[in-house]
Amino acid sequence: MFTAIIQARMGSTRLPKKTMMKIQDKPLLHYTIKQAQSSTKISKIIIATSTLPEDQEIVDFAKSSNLELFRGDPLDVLDRFYQCAKKYSINNILRITPDNPFVDPCIIDNVIKKFESGNFDYVSNTISKKENIWNPDLNGFPYGLAVEAISFRAIEKAWKDSTKPSEREHVTPYIIKNPQIFNLDHIQNFQDFSDIRLTVDYDEDFELAQKIINHFQSNKIFRIDEIVNYIKNNPNLKKINSNHSLKENYKKFL
């Protein structure tokens, strides 16, 4: 079984305090937690936030939700992940973020099943290999359903050897860029829905998330095929956040 570590903070530059912005009286973080709890492969969920005073609201919410909690470095998120995994003696980590409230439990399960099928250090739905180089790729999934399964060995090695700020802040770039050290793999979607943006980075993204949650009701477990059908049957929904690049974070990674 895996432990999900959800990195959460209030200090987003593009949409400040988005983690605790509420839809139907529940913060965005609640929906990511609820989706992860529906996975058959997750045994525990830990909220990993920073030591900054502004993140106390996240701490209070985690405690009220009876979730495990870890507070660490505000900027060195890789260190936060490593120290969290070390404290809780976690062998296999599932990394997700609260700006992806619709992450499908089935995708989580499929990524973990792939990880368990071989001697892997890292498996996700966000990379693919071309000419022996692993690069960011939506793999047919909508943007905003990122799932990463990582071994503690890989996290520890990255923690020891990563030097670039981007590698420390984004946790897994060092692992992905060093396939000669780590055993990587990925999963793909059976259809191409990569033209749909479901992450929450801007006001327009939050507006779309509101419409989806209000349509399906907040207590529902969100399934990607149902969300895609809802958006395709209501073309105006896709236009809400269409002015933001689907792959802007991937360009930053590169």
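**View 1. The largest nonpolar core of this predicted model.** This core counts 56 residues, and those with the most contacts inside it are Ile45, Ile47, Leu94, Phe102, Leu198 and Ile212. Quite a few elements chip in: strands E1 (2-7), E4 (42-50) and E6 (92-96) each supply at least two residues, and so do helices H1 (28-37), H2 (56-64), H4 (105-116), H8 (203-216) and H9 (224-233). The largest share, 6 residues, comes from H8. As general background, nonpolar side chains tend to be buried together in soluble globular proteins.

**View 2. Zooming in on Ile45, and then over to the second core.** Leaving aside residues up to four places away in sequence, Ile45 touches Ala4, Ile6, Ile33, Ala36, Gln37, Leu67 and Glu68. Now shift to the other core, which is separate and has 27 residues. Phe81, Ala85, Phe152 and Leu184 are among its members.

**View 3. Arg168, an arginine tucked into helix H6.** Helix H6 spans residues 165-170 and holds Arg168. Is Arg168 buried or exposed? Its relative accessible area is 14%, which is under the 20% cut-off, so Arg168 counts as buried. Which backbone oxygens does the side chain of Arg168 reach? A polar atom of that side chain lies 2.8 Å from the backbone oxygen of Trp159, and the side chain also reaches the backbone oxygen of Ser162 at 3.2 Å. Setting aside residues up to four places away in sequence, Arg168 touches Leu75, Asp76, Val77, Leu78 and Asp79, along with Ala158, Trp159 and Ser162.

**View 4. Ser166, also in helix H6.** Ser166 has a relative accessible area of 34%, so it falls in the partly exposed class, between the 20% and 50% cut-offs. How far apart are Ser166 and Leu78? They are 88 residues apart in sequence, yet their C-alpha atoms are 9.9 Å apart in space. Leu78 also turned up in the previous view, as one of the residues that Arg168 touches.

**View 5. The second largest pocket and what lines it.** The volume here is about 160 Å³. The lining is made of Asp104, Cys106, Ile107, Asn110, Phe141, Ile187, Gln188, Asn189, Phe190, Ile224 and Asp225. Helices H4 and H9 are the elements that give two or more residues to this lining, and H4 gives the most, with 3 residues.

**View 6. Two cysteines, Cys84 and Cys106.** Cys84 has a relative accessible area of 0%, so it is buried. Cys106 is partly exposed, at 38%, and is one of the residues lining the second largest pocket. How many disulfides does the model have? The count comes to 0.

**View 7. Two loop residues with positive phi, Asp25 and Ser89.** Most residues other than glycine have a negative phi. Asp25 goes the other way, with phi near 65 degrees. It is found in the loop between strands E2 (22-23) and E3 (26-27), and it is exposed, with a relative accessible area of 71%. Ser89 is not a glycine either, but has a positive phi of about 55 degrees. Its place is in the loop between helix H3 (77-87) and strand E6. Ser89 has 60% relative accessibility, over the 50% cut-off, and therefore counts as exposed.

Conventions
Residues numbered from 1 in each chain as written. Predicted model: local features only at pLDDT ≥ 70, side-chain atom pairs only at ≥ 80, totals over all residues. Heavy atoms only, no water. Helix = DSSP H or I, 4+ residues; strand = E, 2+ residues; numbered from the N terminus. Buried < 20%, exposed > 50% of the residue type's maximum accessible area, 1.4 Å probe, protein only. Polar contact = N/O pair within 3.5 Å; in protein donor to acceptor, adjacent residues only side chain to side chain. Contact = heavy atoms within 4.5 Å. Core = buried A, V, L, I, M, F, W, Y, C linked by side-chain atoms within 4.5 Å. Disulfide = S-S within 2.5 Å. 1 Å grid on protein atoms, 1.4 Å probe; cavity = no way out; pocket = protein on both sides within 12 Å on 5 of 7 lines; lining within 4 Å. Points joined across faces, edges and corners; volume = space filled by probe spheres on them.
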